[in-house]
Amino acid sequence: MTSRFHAASGTSAPDAGAEDLRGRTALVTGGGSGIGKATADALARAGALVHVVDREAGSARAVAAAIGGVAHVVDLADPGAVGTLPAGVDVLVNNAGLQHVAAIEDFPPDRFELMQRVMVTAPFLLMRHCLPHMYAGGWGRIVNVSSMHGLRASAFKSAYVAAKHGLEGLSKVAALEGAPHGVTSNCVNPGYVRTPLVEGQIAGQAAAHGIPPEEVVTGILLDRSAIKRLIEPEEVAAVCRWLCGPHTGYITGVSLPVDGGWGAR
Ligand code: NAD
């Protein structure tokens, strides 16, 4: 993963047909892996200087080095972490997330609470942190990486479904408050994306059901998708980048499925 663009240089043109984010600064949480890594790369390719935020030091630094960005190693479960991050960003991508699969009666309460902190409270604190700069400049883009589980439920994912539904509400409120200031806020709602988060679920379900991993993908994960393949992280990143471009200023408060037809059923 390399980028030919660096906001600080300001000399290269972005990818042909890309949104031009030269001179803009972006912050991507969970930028060390999966969708966040692909989005950090896509925004850097559009010319933005990208702050890569992740609790995993090695991956945050590797991604930042590859795209000419800046790594920030923080645990977003810690409410004090957000204050250490830059507030002067024009694009905020709330992407960091985690999964835990268990029936409600067996779900560890501390795990439930942790997931709300990382996937709802941290995005709220980051909006609070970054919006004054966006409002001052009269332009901003907030992209919340939600999920089809922000719109639909699945059994055994109580914390995840609750957190993503919470993020959906937060995103809509930010859209209403940001509108007079040129700031949009939207959710992107992927189905199952080929990332370490999903690979963990595939391995877990294969072990739980005693079936091969391929059967978990086709028989369980993609059961509701009309397109029978996992989404690639770059496909989600392209939608995130598009929402930060010049043609999407009127799109706000929406939830955009990238779901292979799951929601059409
Ligand atoms: P991933 O596990 O590949 O990446 C998540 C990143 O977030 C990791 O680098 C991890 O270190 C970081 N992170 C987690 N907790 C953190 C914390 N407390 N502080 C800082 N960083 C933290 O996962 P992914 O699949 O790329 O998921 C990214 C987002 O996309 C998540 O919000 C997830 O819910 C959402 N999503 C994923 C899928 C999918 O199928 N993979 C589908 C829909 C939505």
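**Close-up legends**

**Figure 1. The largest cavity and its lining.** Helix α3 contributes four residues to the lining of the largest cavity, the most of any element. (Helices are DSSP runs of H or I with at least four residues, strands are runs of E with at least two, both numbered from the N terminus.) This is a predicted model, so to speak of local features takes pLDDT of at least 70 and side-chain atom pairs need pLDDT 80 or more, while totals for chains, interfaces and linings use all residues. Residues count from 1 along each chain as its sequence is written, and side-chain values use heavy atoms, without hydrogens or water. The structure has one cavity of 30 Å³ or more, and the largest cavity comes to about 60 Å³. Two elements, α3 (109-137) and α4 (158-178), each put two or more residues into its lining. The lining is made up of T29, L76, N94, N95, A96, V118, M119, P123, L126, V145, K164 and L167. Sorted by class, that is eight nonpolar, three polar and one charged. (Ala, Val, Leu, Ile, Met, Phe, Trp, Tyr, Cys and Pro are nonpolar, Asp, Glu, Lys and Arg charged, the others, Gly included, polar.) On a 1 Å grid over the protein atoms alone, a cavity is a set of points where a 1.4 Å probe fits but cannot get out, a pocket is an open set with protein on both sides within 12 Å along at least five of seven lines, and lining residues have an atom within 4 Å of a point. Points join across faces, edges and corners, and the volume is what probe spheres set on them fill.

**Figure 2. The largest pocket.** About 900 Å³ of space sits in the largest pocket. Its lining takes in 44 residues, with A96, G97, L98, Q99 and L197 nearest the centre. Five elements supply two or more lining residues apiece: α1 (34-45), β2 (49-54), α3, α4 and α5 (196-209). Helix α5 has the largest share, six residues. The class split for this pocket reads 20 nonpolar, 18 polar and six charged.

**Figure 3. Around the ligand.** Some 28 residues surround the ligand, and S33, D54, Y160, V193 and T195 are the closest. (A residue belongs to this set if one of its heavy atoms is within 4 Å of the ligand.) Side-chain polar atoms from D75, Y160 and K164 deserve a look here. The one from D75 is 2.8 Å from a ligand nitrogen atom. Y160 puts one 2.5 Å from an oxygen atom of the ligand, and K164 has one 2.8 Å from an oxygen atom of the ligand. Residue K164 also turns up in the lining of the largest cavity.

**Figure 4. The loop between β5 and α4.** S147 sits in the loop between β5 and α4, and H149 is found in that loop, which follows β5 (140-145). Both count as buried because their relative accessibility is 5% for S147 and 3% for H149. (Buried is under 20% relative accessible area, exposed over 50%, partly exposed in between, with a 1.4 Å probe and protein chains only.) The side chain of S147 reaches the backbone nitrogen of H149 at 2.8 Å, and a 2.6 Å polar contact links the side chains of H149 and S154. (A polar contact pairs N or O atoms within 3.5 Å; within protein one must be able to donate a hydrogen and the other to accept it, and sequence-adjacent residues count only if both atoms are side-chain atoms.) Setting aside residues up to four places away in sequence, S147 touches Y160, K164, E168, V188, N189 and P190. With its neighbours within four places likewise left out, H149 has contacts that include K157, Y160, K164, Y192, R224 and W262. (Contact is heavy atoms within 4.5 Å.) Between S147 and Y192 there are 8.7 Å C-alpha to C-alpha, with 45 residues separating them in sequence.

**Figure 5. F156, a non-glycine with positive phi.** F156 has a phi of about 75°, and it isn't a glycine. Most residues other than glycine have a negative phi. F156 belongs to the loop between β5 and α4.

**Figure 6. Helix α7 and T248.** P233, V236, A237, V239, C240, R241 and L243 are buried in α7, covered by elements including α1, β5, β6 (183-190) and β7. T248 is in the loop that runs from α7 (233-243) to β7 (255-258), and counts as buried because its relative accessibility is 0%. Beyond its neighbours within four places in sequence, T248 makes contact with R141, T184, W242 and L243.
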